[in-house]
Amino acid sequence: MEKAALLSEQYADEANLSTRGEFNARFLVDDHHPHDWVYSELPLAPDATVLDVGCGPGGFWTVNSEHISESWKAVLSDFSSGMVSEAENQLQENSIGGDFTIADTEHLPFAQETFNMVLALQMLYHSPYLAVAIQECERVLAADGCLYATTGSSQNVAQLYKMMSTVADGSVSSLVGGFTAENGREQLGKHFDHVERRLFENEVRVDDPDALTAYALSLPLEDSRLSAFDAEDAEALRELAAAHIREHGAVRWTKDMTLFIAKS
Ligand SMILES: C[S@@+](CC[C@H](N)C(=O)[O-])C[C@H]1O[C@@H](n2cnc3c(N)ncnc32)[C@H](O)[C@@H]1O
């Protein structure tokens with residue numbers, strides 16, 4: 001997907017992420033928050049300098065506000081000015097200190113070896129030049145630093161994509177293809193000596209056809225992998241979901257999260 005369309009439509013502000021966040025909070029079977037799980041996998045490093053690239057509205061920080069060490073130096077960056085300004089508001093409301101920068105992960109405005117940790121949560125799959133984005137994360141990491149990158153399986157959300165394809169004028173497929181649970185180790189292994197993989201298994205069970213339809217409409221439908229589906233297909237999707245829910249009780253899809261920990 002073109003960066004310009006991602007920026008101007010999907011990620012101009014936090015609205016689409018909020019819709020999906022609320023949906024996940026309601027319908028994920030394991031309600032342990034994914035940001036909470038990521039935090040629990042990080043080392044207890046009191047004085048770390050941490051860069052969060054593609055930070056969105058700062059969810060990782062606000063979800064973990066009670067645990068994060070006050071001596072961490074946090075730097076949050078995103079290529080969307082709307083996201084950076086929302087992240088700044090959110091961290092301020094939660095009394096978390098940090099610096100905020102509008103930056104494309106493919107061109108990070110930081111000196112080499114600046115950070116002990118770089119977080120790239122649910123964002124590398126958006127990068128058209130993935131190798132450049134990973135290389136930039138590696139460049140700004142200190143010699144003993146680690147990149148923590150999350151993504152999903154290419155099989156995640158399959159049932160929803162199948163339903164969207166049924167009512168759309170064409171087929172819809174997964175967005176995470178460039179950087180998935182299945183290929184992430186290989187992609188990171190080109191830039192780092194050691195890559196470890198950890199898995200958080202989860203599943204969506206949704207019994208509300210309106211919520212399912214709102215979730216579908218919040219996806220980046222400008223992306224060519226999803227663009228066969230548009231707002232005109234929404235009512236047909238709602239009816240298909242309602243029929244499925246009447247018969248089976250819920251629509252289900254897997255929503256696993258994989259965390260890669262990469263180190264040179
Ligand atoms: C799915 S959201 C994830 C937000 C956050 N990391 C989280 O896990 O809650 C993807 C975020 O990555 C940002 N993004 C996408 N491509 C980017 C790029 N090349 N450089 C910087 N930010 C990017 C988007 O603006 C959006 O805020």
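Start with the shell around the ligand in this predicted model: its residues divide into nine nonpolar, eight polar and three charged. Select the ligand and display its surroundings, which comprise 20 residues. Label Tyr11, Gly54, Gly56, Phe79 and Leu121, the closest of them.

Now zoom out to the whole protein. Colour by secondary structure to see ten helices and nine strands. Along the principal axes, the C-alpha trace spans about 55 × 35 × 30 Å. The radius of gyration is 18 Å, which agrees with the value near 18 Å for a compact globule of 264 residues.

Next, the helix pairs. Two packed helices are described by the angle between their axes and the distance between the axes.

Select residues 209-218, helix α9, together with residues 234-248, helix α10. Their axes are 8 Å apart, and the packing angle is about 140°. That angle makes α9 oblique to α10, because it falls outside the ranges for roughly parallel, antiparallel and perpendicular. The crossing of α9 past α10 is right-handed. Show side chains on both helices: on α9 the contact uses Pro209, Asp210, Leu212, Thr213, Ala216 and Leu217, and on α10 it uses Ala234, Leu237, Arg238, Ala241, Ala242 and Ile245. By class, this contact of α9 with α10 has nine nonpolar residues, one polar and two charged.

Keep α10 on screen and add residues 158-167, helix α7. Here the axes of α7 and α10 come within 9 Å and cross at roughly 125°. The two helices are therefore oblique to each other. α7 passes α10 in a right-handed crossing. To see the contact, pick Met163, Met164, Thr166 and Val167 on α7, then Ala236, Leu237, Leu240 and Ala241 on α10. What classes of residue make up the contact of α7 with α10? Seven are nonpolar, one is polar and none is charged. Leu237 and Ala241 of α10 are worth leaving labelled: they take part in the contact with α9 and in the contact with α7.

Finally, hide α7 and α10, return to α9, and select residues 15-27, helix α2. The axes of α2 and α9 lie 9 Å apart, with a packing angle of about 145°. Which hand does the crossing of α2 past α9 have, left or right? The crossing is left-handed. Show Asn16, Thr19, Arg20, Phe23 and Arg26 in α2, which meet Ala211, Ala214, Tyr215 and Ser218 in α9. The contact of α2 with α9 divides into four nonpolar, three polar and two charged residues.

Key
Residues are numbered from 1 along each chain as its sequence is written. This is a predicted model: local features need pLDDT of at least 70, side-chain atom pairs count only at pLDDT 80 or more; totals for chains, interfaces and linings use all residues. Axes are lines fitted to C-alpha atoms, for helices over the stretch in contact, and angles run from 0 to 180 degrees between N-to-C directions. Helices (H or I, at least four residues) and strands (E, at least two) are DSSP runs, numbered from the N terminus. Angles under 35 degrees count as roughly parallel, over 145 as roughly antiparallel, 65 to 115 as roughly perpendicular and the rest as oblique. A crossing is left-handed if the near helix is turned anticlockwise from the far one by less than a right angle, and right-handed if clockwise. Two residues are in contact if their C-beta atoms, placed from the backbone, lie within 7 Å. Ala, Val, Leu, Ile, Met, Phe, Trp, Tyr, Cys and Pro count as nonpolar, Asp, Glu, Lys and Arg as charged, and the others, Gly among them, as polar. A residue is near a molecule or strand if its C-beta atom, placed from the backbone, lies within 6 Å of it. The radius of gyration is taken over C-alpha atoms; the globule rule is 2.2 Å times the number of residues to the power 0.38.
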